[in-house]
Amino acid sequence: MTAPVLDFTPAPGAAPFPRMVLAQAGAEIRAMLRNGEQLLLTLIIPVLLLTGFSLAPLIDVGGGSRVDFLAPGVLALAVMSTAFTGQAIATGFERRYGVLKRLGATPLSRAGLMLAKTTAVVGVEAIQAVIIVVVGLALGWRPQGSFLSAALLVVLGTAAFSGLGLLMAGTLRAEATLAGANLVYLVLLGAGGVVFPLSKYPQGAQPVLEALPISALSSGLRSVLAQGAGLPLVPVVVLTLWAVVSLGLVSRTFRWE
């Protein structure tokens, strides 16, 4: 009987596409969670806002439980911090230092890299949602309504904010992206209905504020999770328009180097 012949000749070739995407997504998630600034934006600030404003009577939410009003808004803020602010800053500096160009030339491909970044964003958002929900429940939050409706709003919000973040990162210099993304984060935190009801603003400004993606996401989540309503049409339309326009512009203007 002939003994089997072992062949140790290297067999070069790329790994399967899904494995490459998951590997890159895992690297992106680890990079996000190890970065102190991104950790501050994605987890620490949302949790501190939820805890502080829920326990202390610092704001008038117009009746009802403060945590019931705040928790959906903080969930929306978490989506914005990851999909927009964090992604814009990280991608902007990756473009500046040539990381995107080099990764785009690997077997992963540019489409695979963007898919991996999207997967990483969704993964971090899942971690954020679990932590915020646990903290909210500990503070007395009792969410209601449809989980699927809330998930759809989060998906649309992620698409809209990702488009805006990539649009900024793909057209501006890294330093301008850093400053602009943080400035937009602060402005939308204060004017997007996250911790302050839009009804507190002048009536003439309310239609403009309601058209912002953060306002649509926070009001939509609040309608579902705090009031038990069905899928709100207006926030869905607003988020869809932001997603379509921003991602369409990204496909035309994004520069890899």
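Two packed helices are described by the angle between their axes and the distance between the axes. The axes meant here are lines fitted to C-alpha atoms, for helices over the stretch in contact, and the angles run from 0 to 180 degrees between N-to-C directions. With that in hand, helix α6 (residues 147-169) and α7 can be placed against one another in this predicted model: they pack at an angle of about 150 degrees, with their axes 9 Å apart. Angles over 145 degrees count as roughly antiparallel, and α6 and α7 are therefore roughly antiparallel to each other. The sense of the crossing can also be given, since α6 passes α7 in a right-handed crossing.

That pair belongs to a protein whose secondary structure consists of ten helices and zero strands, so that a reading along the sequence gives the pattern α-α-α-α-α-α-α-α-α-α. Taken along the principal axes, the C-alpha atoms of the protein fill a box of roughly 85 × 45 × 35 Å. Of the 257 residues in the protein, 46% are buried, where buried stands for a relative accessible area under 20%.

A second pair of helices offers another geometry. The axes of helix α1 (residues 17-34) and helix α5 come within 8 Å and cross at roughly 50 degrees, which makes α1 oblique to α5. In this pair, too, the handedness is given: α1 passes α5 in a right-handed crossing.

Side chains also link these two helices. The structure holds four salt bridges, and one of them is formed by Lys117 with Glu28, the closest N and O atoms being 3.4 Å apart. Because Lys117 lies in helix α5 and Glu28 in helix α1, this pair ties together parts of the protein that are 89 residues apart in sequence. What is the relative accessibility of Lys117, and does that make the residue buried or exposed? Lys117 has a relative accessibility of 3% and therefore counts as buried, while Glu28, at 8% relative accessibility, counts as buried as well.

Lys117 has a further partner, for Glu94 forms a salt bridge with Lys117 in which the closest N and O atoms are 2.7 Å apart. Glu94 lies in helix α3 (residues 66-96) and Lys117 in helix α5, so this pair ties together parts that are 23 residues apart in sequence. Glu94 is buried, with a relative accessible area of 17%.

Another salt bridge starts from helix α3 and leads back to one of the helices of the opening paragraph. The side chains of Arg96 and Glu175 meet in a salt bridge with an N to O distance of 2.3 Å. Since Arg96 lies in helix α3 and Glu175 in helix α7 (residues 174-191), the pair ties together parts that are 79 residues apart in sequence. Arg96, at 46% relative accessibility, counts as partly exposed, and Glu175 is partly exposed with a relative accessible area of 33%. As for the bridges that share partners, they join Glu28, Glu94 and Lys117 into one network.

The surface of the model can be approached through helix α5 once more. Ile127 has its place in helix α5 (residues 109-138) and, at 34% relative accessibility, counts as partly exposed. Which residues form a nonpolar patch on the surface together with Ile127? They are Leu33 and Ile131, and the three residues together have about 200 Å² of accessible area.

Two further residues help to give a sense of distance across the model. Val184 lies in helix α7 and counts as partly exposed at 28% relative accessibility; Val184 and Leu113 are 71 residues apart in sequence and 26 Å apart in space, C-alpha to C-alpha. Glu37, for its part, is found in helix α2 (residues 36-55) and, with 37% relative accessibility, counts as partly exposed. Along the chain, Glu37 and Leu75 are 38 residues apart, and their C-alpha atoms are separated by 19 Å.

Note on methods
Residues are numbered from 1 along each chain as its sequence is written. This is a predicted model: local features need pLDDT of at least 70, side-chain atom pairs count only at pLDDT 80 or more; totals for chains, interfaces and linings use all residues. Side-chain values use heavy atoms; hydrogens and water are left out. Patches are made of residues with over 30% relative accessible area and no salt bridge: like charges are joined within 9 Å, nonpolar side chains (Val, Leu, Ile, Met, Phe, Trp, Tyr) within 5 Å. Accessible areas come from the Shrake-Rupley method with a 1.4 Å probe; for residues, only the protein chains shown count as cover. Helices (H or I, at least four residues) and strands (E, at least two) are DSSP runs, numbered from the N terminus. Buried means under 20% relative accessible area, exposed over 50%, partly exposed in between (1.4 Å probe, protein chains only). Angles under 35 degrees count as roughly parallel, over 145 as roughly antiparallel, 65 to 115 as roughly perpendicular and the rest as oblique. A crossing is left-handed if the near helix is turned anticlockwise from the far one by less than a right angle, and right-handed if clockwise.
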